[in-house]
Amino acid sequence: MKKMVTNMKRAITVFVLTLVLVGAVSPVAQAGVDYSGKLAGSPGNYYAKTKGSGYDDRGYAYNLVVYAQIKDSSTRIYVMGKGSIVANSGTCSTKAKTYHGFGIGTNKSDITDTWQKQW
C-alpha cells in the first residue's frame, strides 16, 4: 500500500511539472517576427502583396507597419496594425517589379527592412 501511494505521488508530481513546463514554453514558441512579399494576382490584374507578423516572447502582438508597391511609378500602400497584417498595392495589367517594406512601430518612418522582387 505504501508503494502505491509513493507511485501516485510521483505520477502527480510529473503531471503537474509537465503542465507548468508546457504553460511556460507555449508563449515563447509564438515569439518572433516574420514577413514576406510577392507578386500576386492573375494576367491583367497583378499586384504586390506584403505580409508581416510579430509577437513578443509573451505572445503579445507588436505594432507593425508594412507597404506594398508595384512598378516604379505606382503609389506605395501602407498598412499599420498589430499582430498580423497584409498590404496589397494597386493593380497593374502586366507583370512588374514589386517593392516591399516591413517594420515594428506605428508610422512609415519605422520601416527598417525594404526589398524588391523581380517577377
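Q: In this predicted model, which residue in the turn of the β3-β4 hairpin has a positive phi?
A: β3 and β4 form a hairpin with six residues between them. Most residues other than glycine have a negative phi, so a positive value in such a residue is worth a look. In this turn the residue with a phi of about 65° is lysine 71.

Q: Is lysine 71 buried, partly exposed or exposed?
A: Lysine 71 is found in the loop between β3 and β4. Its relative accessibility is 36%. Buried means under 20% and exposed means over 50%, so with 36% lysine 71 counts as partly exposed.

Q: Which backbone oxygen does the side chain of glutamine 69 reach at 3.0 Å?
A: Glutamine 69 is found in strand β3, and its side chain makes polar contacts with backbone oxygens of two residues. With lysine 71 the distance is 3.2 Å. The backbone oxygen reached at 3.0 Å belongs to serine 74.

Q: What relative accessibility does glutamine 69 have?
A: Leaving aside residues up to four places away in sequence, glutamine 69 touches Ala48, Ser74, Thr75, Arg76, Ser89, Lys97, Thr98 and Tyr99. The cut-off for buried is under 20%. Glutamine 69 counts as buried because its relative accessibility is 7%.

Q: How many of the eight residues of strand β3 are buried?
A: Glutamine 69, at 7% relative accessibility, is buried, and it is found in β3. Strand β3 covers residues 63-70 and is largely enclosed by the rest of the structure. That follows because the number of its eight residues that are buried is seven.

Q: What is the order of the strands in the open sheet of four?
A: Strands of a sheet pair through backbone hydrogen bonds, either parallel or antiparallel. Here β3 is joined to β4 (residues 77-82) by six antiparallel bridges, and β3 pairs with β6 (residues 98-104) over seven bridges, also in the antiparallel sense. β6 in turn is joined to β7 by six bridges, again antiparallel. The order of the four strands is β4-β3-β6-β7.

Q: Which strands are the edge strands of the β4-β3-β6-β7 sheet, and how much does the twist average from one strand to the next?
A: The four strands form an open sheet with antiparallel pairing. Its edge strands are β4 and β7, each pairing on one side only. From one strand to the next, the twist averages 15°.

Q: What is the bridge partner of histidine 100 in β7?
A: A few bridge pairs help you get your bearings in this sheet. In β4, asparagine 63 has lysine 82 as its bridge partner, and in β6, valine 66 is partnered by phenylalanine 102. For histidine 100, the bridge partner in β7 is tryptophan 115.

Q: What separates the C-alpha atoms of lysine 108 and leucine 64?
A: Lysine 108 sits in the loop between β6 and β7 (111-117). Not counting residues up to four places away in sequence, lysine 108 touches Val65, Tyr78 and Met80. Lysine 108 and leucine 64 are 44 residues apart along the chain, and their C-alpha atoms are separated by 9.8 Å.

Q: Which strands of the open sheet of three have a single partner strand?
A: The order in this sheet is β1-β2-β5, with antiparallel pairing. One side of each edge strand is left without a neighbour in the sheet, because those strands have a single partner each: β1 (32-42) and β5 (84-88).

Q: Which residue of β2 is the bridge partner of tyrosine 35?
A: β1 and β2 (residues 45-55) run antiparallel and are joined by 11 bridges. In β2, the partner of tyrosine 35 is glycine 52.

Q: Which residues meet in the one salt bridge of the structure?
A: Side chains of opposite charge can pair when their charged atoms come close. A search of the whole structure finds one salt bridge, with an N to O distance of 3.5 Å. One partner is buried, with a relative accessible area of 13%, whereas the other counts as exposed at 58% relative accessibility. They are, in that order, aspartate 56 and arginine 58.

Q: What percentage of the residues in the protein chain is buried?
A: The protein chain has one helix and seven strands, running α-β-β-β-β-β-β-β from the N terminus on. Its accessible surface comes to about 7900 Å², of which 57% belongs to carbon and sulfur atoms. Of the 119 residues in the chain, the buried ones make up 25%.

Notes:
Residues are numbered from 1 along each chain as its sequence is written. This is a predicted model: local features need pLDDT of at least 70, side-chain atom pairs count only at pLDDT 80 or more; totals for chains, interfaces and linings use all residues. Side-chain values use heavy atoms; hydrogens and water are left out. A salt bridge is a side-chain nitrogen of Lys or Arg within 4 Å of a carboxyl oxygen of Asp or Glu. Buried means under 20% relative accessible area, exposed over 50%, partly exposed in between (1.4 Å probe, protein chains only). Helices (H or I, at least four residues) and strands (E, at least two) are DSSP runs, numbered from the N terminus. Accessible areas come from the Shrake-Rupley method with a 1.4 Å probe; for residues, only the protein chains shown count as cover. Two strands pair if DSSP finds at least two bridges between them. A polar contact is a pair of N or O atoms within 3.5 Å; within protein, one must be able to donate a hydrogen and the other to accept it, and residues adjacent in sequence count only if both atoms are side-chain atoms. Contact means heavy atoms within 4.5 Å. Axes are lines fitted to C-alpha atoms, for helices over the stretch in contact, and angles run from 0 to 180 degrees between N-to-C directions.
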